[in-house]
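Let's take a walk through the aromatic side chains of this one. Have the model open and follow along.

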Amino acid sequence: MEGPTPVSALIHAATMVTAGVFLVIRSCFLFEYSVSVLLFISFVGGMTALFSSLIGTFQFDIKRIVAYSTCSQLGYMFFSAGLSIYTISLFHLFNHAFFKALLFLSMGSIIHGLMDEQDFRKMGGLAYVFPLTYICVLIGSIALMAIPYSTGFFSKDFILELSFAFFNVMSIFIYFVGTFAAFLTAFYSTRLLFWVFLSNLNSFKPYVYDIHEPKFFMSFTLYILSIFSIFAGYCFSEAFAGIGSNF
């Protein structure tokens, strides 16, 4: 399924694709009656995180890379729900909305400035002509990679720590799958940053003449989402994951 970038930002970050996770969280009182169903949810979530990360590693379309990273993060939400960690699953859904919307809208900024080009093999060196967009993508990628004290870190690291702390065969297996998926996430995010912004320019001359940063009206949303992608995890970690929290 493909759509305009603002639509992708909306449905991938907070509404449509995360509806299944929210349904599982809301139905938790039913799933708790069946251990086998919870194990199945954990297994499917872990495989989704791993498989989507592997696909994203071999993509060249900048929007597809971000889209497959959404599937990977959904896997984290599902396997944490399968381990009965519903509050942290919801916390990761909440955090993911900010940095994934930021990444999708930043990709839209790049595509708009490059006359609808989406293949990063035809980009390069854009950090000098898209400095603000580069900073936004960097912030979103840092949160997606769960670099310590970014928004993604507070939920993603918590999911991996708690999955390791369960000490049963499925949770240990899911922990190693999730850790490897996190490594692949860091790999394809760094790959995207390098090929789009830091490598040598590899674009056509007409594109180079027309490259431009989006105007303030388009960029304003990026700045707001950047702030949330840095601070939202820290500000809401006590509410979602605090000891004895009934938020």
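Phe 216 counts as exposed, because its relative accessibility of 57% is over the 50% cut-off. Keep in mind that this is a predicted model. Phe 216 shares helix H11, which covers residues 216–241, with Phe 220; the two sit four residues apart, about one turn of the helix. Phe 220 has a relative accessible area of 43%, so it's only partly exposed.

Now look at the rings of that duo. Phe 216 and Phe 220 make an aromatic pair, with 5.5 Å from centre to centre and 50° between the planes, which puts the pair in the tilted class.

There's plenty more of this kind to look at: the structure holds 19 aromatic pairs. One of them joins Phe 153 and Phe 154, and it's edge-to-face because the planes meet at 75°, with the ring centres 5.6 Å apart. Phe 153 and Phe 154 are both buried.

Next, pick out Phe 91, Phe 94, Phe 98, Phe 228, Phe 236 and Phe 240, which come together as one aromatic cluster.

Phe 60 has another sort of partner. Arg 121 places its charged end over the Phe 60 ring, 3.9 Å from the ring centre.

Finally, swing over to Phe 29, which you'll find in helix H3, residues 28–31. Phe 29 has a relative accessible area of 51%, so it's exposed. Going from Phe 29 to Ala 67 takes you 38 residues along the sequence and 31 Å through space, C-alpha to C-alpha.

Conventions. Residues numbered from 1 in each chain as written. Predicted model: local features only at pLDDT ≥ 70, side-chain atom pairs only at ≥ 80, totals over all residues. Heavy atoms only, no water. Buried < 20%, exposed > 50% of the residue type's maximum accessible area, 1.4 Å probe, protein only. Phe/Tyr/Trp six-rings, centres within 6.5 Å; stacked < 30°, edge-to-face > 60°. Lys NZ or Arg CZ within 6 Å of the ring centre and 35° of its normal.
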